Protein chains: 2
Amino acid sequence: MHHPDPSTLLREKSLRVTRPRIAVLNALADHPHADVDSVARAARLELGSVSTQAVYDVLRALAEAGLVRRIEPAGSPARFEVRVGDNHHHIVCRTCGDIADVACAVGEAPCLDASENHGFVIDEAEVTYWGTCPECATT
Amino acid sequence: MHHPDPSTLLREKSLRVTRPRIAVLNALADHPHADVDSVARAARLELGSVSTQAVYDVLRALAEAGLVRRIEPAGSPARFEVRVGDNHHHIVCRTCGDIADVACAVGEAPCLDASENHGFVIDEAEVTYWGTCPECATT
DNA sequence: ACACTCTCTTGAATCATTCCAGAAAAGGTG
DNA sequence: CACCTTTTCTGGAATGATTCAAGAGAGTGT
């Protein structure tokens, strides 16, 4: 399930290849939209042990390099995903916080134009759909 | 400054009319997109003193009643605005965190349709434009 | 293998927000 | 207007997510 080799990805961005970084990339490949805690748990399964701070550091480094994307839906701790570069959007369940991907029709950022920009230079339009997921809808 | 009378707004929602609530509504009318701390400071100018917890409680009560809207841009503490009910969107400066309103072309939520909904029932599409504000662009 | 630099570990601090129990105040009623 | 019920406000403490700091440890190019 880890198609693009984590080590290769890291080298392409001139980042050092370390076991925690590989474990975090693998964790995110298996668990899209995972929060820091879930990533840390998954990484620990692979490594035995990693400090929580290392996971935070790794995630920040990967996000800065553009290898992962940090998403922060209102009311939820930060979540991360490896799917980058396609400017897709998210749909969040108001009840359980579950997140699903929604492809962007345009594909490139910014995919929407603002009617008034107030002099701002806009580089991205982030869309978050809010609703109820199938499971929470039935209960 | 405070166009619709705060007391009237509160009564319309069957909320008790208290001095902290009026002060918070006035503060938000004067400072759109203010965070809790700014609201508390503004409210203290009007009242002399209010506990921070009262401000949190008031903001939650007002948000639940639909009198104010809570917005939470990634990386920023929660901010509040007197709700207009027009489903407008926001443009956030990546550098200074400043927020401006952007009218929604459609007006009613959800103003966008998701291409795939994964079985979710969508009730709102929240759009956040990211960019650089005029001041930060020049510096 | 060596040296240089970046990354990881441990431990503590910070910020925003929430929880709790009791005191005070708002609104309806007689 | 005084009373009573319910809701709200106060003060203090707790929680959760995230960040800071200093030193030990590991990756990379020569």
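This passage describes how two protein chains meet each other and two DNA strands, and which pockets lie in the protein.

The model is predicted, so that local features need pLDDT of at least 70 and side-chain atom pairs count only at pLDDT 80 or more, whereas totals for chains, interfaces and linings use all residues. Residues are numbered from 1 along each chain as its sequence is written, chains are lettered from A and ligands numbered from 1 in the order in which they are written, and side-chain values use heavy atoms, with hydrogens and water left out.

Chain A and chain B are in contact (heavy atoms within 4.5 Å) through 35 residues of chain A and 35 residues of chain B. The size of an interface is often given as the accessible area lost when the parts come together. The buried area, which is the accessible area (1.4 Å probe) that two parts lose on being put together, summed over both, is about 2900 Å² between chain A and chain B, and carbon and sulfur atoms give 55% of that area. Of the area that chain A buries against chain B, 22% is supplied by F120(A), E126(A) and Y129(A), more than by any other three residues.

DNA strand C is surrounded by 17 residues, a residue being near a strand if one of its heavy atoms lies within 4 Å of it, and the closest are T18(A), R21(A), S51(A), A54(A) and Y56(B). Of the atoms of DNA strand C that come within 4 Å of the protein, 65% belong to sugar and phosphate. Helices (H or I, at least four residues) and strands (E, at least two) are DSSP runs, numbered from the N terminus, and helix 4 of chain A gives the most to the surface near DNA strand C, with 3 residues. Several pairs of atoms can be named here: a polar side-chain atom of S51(A) lies 2.7 Å from a phosphate oxygen of DNA strand C, and a polar side-chain atom of R16(B) lies 3.1 Å from a base nitrogen of this strand.

DNA strand D is surrounded by 18 residues, of which Y56(A), T18(B), R21(B), S51(B) and A54(B) are the closest, and the largest share of the surface near this strand, 3 residues, comes from helix 4 of chain B. Within 4 Å of the protein, 68% of the atoms of DNA strand D belong to sugar or phosphate and the rest to bases. A phosphate oxygen of DNA strand D is 3.1 Å from a polar backbone atom of V17(A), while another pair joins a phosphate oxygen to a backbone N or O atom of A78(A) at 3.0 Å. The side chain of Q53(A) has an N or O atom 3.1 Å from a base oxygen of DNA strand D, and an N or O atom in that side chain is 3.5 Å from a base oxygen of DNA strand C.

A pocket is defined on a 1 Å grid over the protein atoms alone, as an open set of points where a 1.4 Å probe fits, with protein on both sides within 12 Å along at least five of seven lines, and its lining residues have an atom within 4 Å of a point. The largest pocket has a volume of about 880 Å³, and among its 36 lining residues R94(A), R69(B), R70(B), I71(B) and E124(B) lie nearest its centre. The second largest pocket holds about 480 Å³ of space and is lined by 18 residues, with R69(A), R70(A), E124(A), R94(B) and W130(B) nearest its centre.

Methods. A polar contact is a pair of N or O atoms within 3.5 Å; within protein, one must be able to donate a hydrogen and the other to accept it, and residues adjacent in sequence count only if both atoms are side-chain atoms. Grid points are joined across faces, edges and corners, and a volume is the space filled by probe spheres set on the points.
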